[in-house]
Amino acid sequence: MLAVSEFPSDDLVHFSVISPSNVDAPVRLNGRAITENHLVVYLDSYSDLVVLINQESKTIAPLHVSYNELVLHIENYDLMVVEPVWNPKTLVSEEELSVKQKEKFERRYSAISSLIIDIDAVLRNSVGDKVFANAAEAAGVTRQFVYDTFYSFLRHGCRKIGLLMPQGKDSAEKDRSTIHFVKKGRVPVNFQGMELLQKDEDIIKQYIRKYAKTPSLTIQDTFKQMLKDKYFQTRRAATPQEQRETGFRTVVELKKPHERPTYNQFYYRLNNYFDGNIAKRDRGKKNPMEAAANNDGREGNSNVHASGPGEIYYLDETPFPEELVSIFDPERKTKIGKATVYFVVDNFSDAISGLYITTESPSFATVKEAIFNACRDKQKWVDELGLDIDASGWKPKRVPQIIYVDNDVFKGEVSEGPITAGVPITVKFGRVGRGDDKKMGEQHFELAMKLFRGKSKGHETDSKLDKARQVARKNACLTINELYDILIRYIIVRNNKIQNKQFPLTFEMARDGVKRIPQHVWDWGAENRPGYTMYVPESQLYLDLLETGTVTCHKTHLLLQGHGLKYTCDWTKEEGYQDRKKGKKLYQFKCRYHRGIAGCILIVTPDNRLVPAYLEQDDAIYAQCSFKEIKEHKSSDPDGDQELYESELSAYLTLMDHFEDTVKKAEKERRPSSTGTIQQIRKNRRFEALLDQQRQIVSFLNAVQDTMTVNLPAQEHSDEIELDEHDSRDSFYDN
């Protein structure tokens with residue numbers, strides 16, 4: 001958390017910006033939910049009054065709030081105080097304006113001049129004083145024009161030049177300025193670094209000691225942490241363009257390169273501190289398979305070359321070493337262990353196109369969800385997760401041609417070849433112990449883990465002592481949704497900002513000036529190498545990705561092979577497939593089903609249509625159960641460059657800052673609890689997987705509803721589970 005004083009509320013001054021910490025659970029001030037940045041236009045602690053005006057959406061009336069109440073929310077980290085950022089159009093002098101622009105803002109200024117004379121009194125006045133009506137009558141304009149102009153004056157920091165900006169219903173208009181490409185001049189020489197003073201030497205020593213004491217903290221992350229904490233210029237509100245690119249409402253700006261130490265200066269003193277021998281910490285013995293997978297030489301591209309974006313994706317998973325808690329426990333005491341994180345990455349551009357987090361073991365169901373998330377519209381998916389993230393910067397979508405998966409993980413769960421006849425995706429296995437078959441896929445998890453190391457107490461280190469003491473599990477405080485929030489923001493920043501210096505640009509890319517940034521490469525490929533992705537409606541795609549099975553037509557029912565469940569289907573009866581005919585074999589049909597709900601399956605007809613089949617009366621007890629639950633029940637019951645580097649560093653530090661705020665808030669809500677037995681952890685994980693399964697069921701039902709009418713038995717509970725239902729689940733967690 002960036003801070004220059006002991007208390008966060010010390011930064012609350014005139015024309016500072018109040019920013020919400022969590023728009024999912026917004027703070028309400030004087031009846032209004034604070035879901036966007038607000039500018040402080042009046043502040044008087046003696047009269048206990050603060051006046052705020054919104055800065056992002058359409059301008060509305062100023063909000064009068066209690067100064068003491070606002071300070072309380074800031075001290076509790078429900079709200080943040082950041083510095084304002086002004087539109088560049090309002091930073092010019094009046095001499096630079098055209099004649100029309102001068103006439104425009106002089107006309108507006110004259111309409112509110114009587115209000116500005118004693119603006120503090122106007123802000124404190126009530127509607128009954130008729131000051132706006134009198135000003136409108138004196139200026140010969142409408143009362144609404146006076147309101148819009150006065151609010152625009154406040155919104156832009158009570159500056160006259162701010163009256164040039166759109167106001168009223170157009171106050172939230174997006175920037176539509178055109179980018180003009182002009183010939184560049186000579187490249188300037190970049191001077192970096194500074195002459196270190198004694199205070200700088202002390203700061204470097206402080207972070208060298210932190211590096212030496214913190215397990216798994218890298219030198220690069222230690223250096224970036226030092227810059228974020230000690231050499232920041234400001235923490236300001238993000239512009240709309242920056243919000244679209246990074247997904248954050250605030251931006252961390254560092255001091256100029258010549259006003260802060262360089263990495264070489266830091267590394268030189270670190271090397272001297274260890275007498276020229278920097279130990280490789282957390283180094284463990286590797287077995288032959290690990291050595292072959294991680295250390296042995298290899299061909300690099302593994303004879304795989306993607307010609308364009310979407311031709312080849314690769315999917316990889318790993319147990320993410322962050323201990324989690326259940327989202328349905330408000331005290332964050334219910335441990336669910338580590339989640340499994342899936343990344344889907346485009347081979348051509350190295351852009352991360354998909355993400356999936358679950359507590360289930362790897363299977364076709366988890367692969368299906370990861371592929372579905374990679375192919376669908378990201379903003380719609382983020383909204384379904386309930387996250388306040390602008391995902392317009394996460395562009396990769398649509399169906400790819402080939403997807404590589406791990407041989408050792410998914411062998412037996414997924415078959416090589418086309419997934420189904422309706423989805424043009426071919427699955428291929430990588431070689432055993434050869435992660436380079438998926439290009440640089442193994443590195444993405446390592447980069448994401450670096451964000452957590454040394455910052456989250458719930459992140460498991462390689463220390464055997466810490467593992468024996470279960471330090472990470474004792475300090476677990478993040479939920480799966482918060483992990484989604486952090487990793488999605490990381491993906492947006494990585495795809496749009498972070499340079500991949502090892503990415504091999506082609507001659508054509510270098511000629512066209514493409515930067516080694518995944519989204520830049522993707523955009524270039526979409527323009528110059530199109531045609532490798534296919535658009536498939538989300539509903540159809542979800543149905544095509546469902547697991548397949550086989551049903552046998554009997555006289556009275558359809559039998560789902562491998563599960564022993566009986567179904568009824570009007571189509572098979574009408575077509576005569578269930579009629580008993582002597583000397584003929586029973587008819588068999590392929591079907592699709594979701595493992596989370598057995599109440600309905602979809603029969604694939606000879607002309608590739610899908611028709612529904614429902615559980616027969618004998619098995620109706622399982623209508624709302626998953627196939628896993630049915631099985632358990634039956635078993636238990638026998639029934640590069642400098643400018644880009646600066647942008648990358650700023651975005652990365654903003655991501656680190658958001659992560660620390662999230663962890664700090666989560667740790668504040670956590671209550672001391674026991675580590676829990678492995679049996680209890682497994683039980684909690686099954687319950688957490690069940691909740692995620694419910695979300696999958698909603699997608700399944702929505703997909704079915706778009707293509708046909710399915711009459712499932714009415715459910716006795718809502719598919720959406722509100723967070724305020726903690727009390728109804730206390731009995732599950734009382735142990």
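A residue counts as buried when its relative accessible area is under 20%. In this predicted model, Arg 376 has a relative accessibility of 4% and is therefore buried. Arg 376 forms a salt bridge with Glu 384. The closest N and O atoms of the two residues are 2.9 Å apart. Glu 384 is partly exposed, with a relative accessible area of 42%. The bridge thus joins a buried arginine to a partly exposed glutamate.

Side chains of opposite charge can pair when their charged atoms come close. A search of the whole structure finds 27 salt bridges. One of them links Arg 269 and Glu 201, with an N to O distance of 2.9 Å. Arg 269 belongs to helix H9, residues 263-273. Glu 201 belongs to helix H6, residues 198-213. The two residues are 68 positions apart in sequence, so their pairing ties together separate parts of the chain. Arg 269 is partly exposed, at 23% relative accessible area.

A further salt bridge joins Lys 338 to Glu 460. Here the closest N and O atoms lie 3.5 Å apart. The pair links distant parts of the chain, 122 residues apart. Lys 338 sits in strand E11, residues 335-346. Glu 460 sits in the loop between helix H14 (441-450) and helix H15 (464-469). Both ends of this bridge are partly exposed: Lys 338 has a relative accessible area of 24%, and Glu 460 has 27%.

Lys 338 and Glu 460 also belong to a network. Salt bridges with shared partners connect Glu 323, Lys 338, Glu 460 and Arg 473.

The packing of two helices was also examined. Helix H2 spans residues 99-116, and helix H5 spans residues 143-155. Their axes come within 9 Å and cross at roughly 80°. Angles of 65 to 115 degrees count as roughly perpendicular, so H2 is roughly perpendicular to H5. On the H2 side, the contact involves Arg 107, Arg 108, Ala 111, Ile 112, Leu 115 and Ile 116. On the H5 side, these residues meet Phe 145, Val 146, Thr 149, Phe 150 and Phe 153. By class, the contact has eight nonpolar residues, one polar residue and two charged residues. The charged residues are Arg 107 and Arg 108, both in H2. The polar residue is Thr 149, in H5.

Note on methods
Residues numbered from 1 in each chain as written. Predicted model: local features only at pLDDT ≥ 70, side-chain atom pairs only at ≥ 80, totals over all residues. Heavy atoms only, no water. Axes fitted to C-alpha atoms, helices over the stretch in contact; angles between N-to-C directions. Helix = DSSP H or I, 4+ residues; strand = E, 2+ residues; numbered from the N terminus. Parallel < 35°, antiparallel > 145°, perpendicular 65-115°, else oblique. Contact = heavy atoms within 4.5 Å. Salt bridge = Lys/Arg side-chain N within 4 Å of Asp/Glu carboxyl O. Buried < 20%, exposed > 50% of the residue type's maximum accessible area, 1.4 Å probe, protein only.
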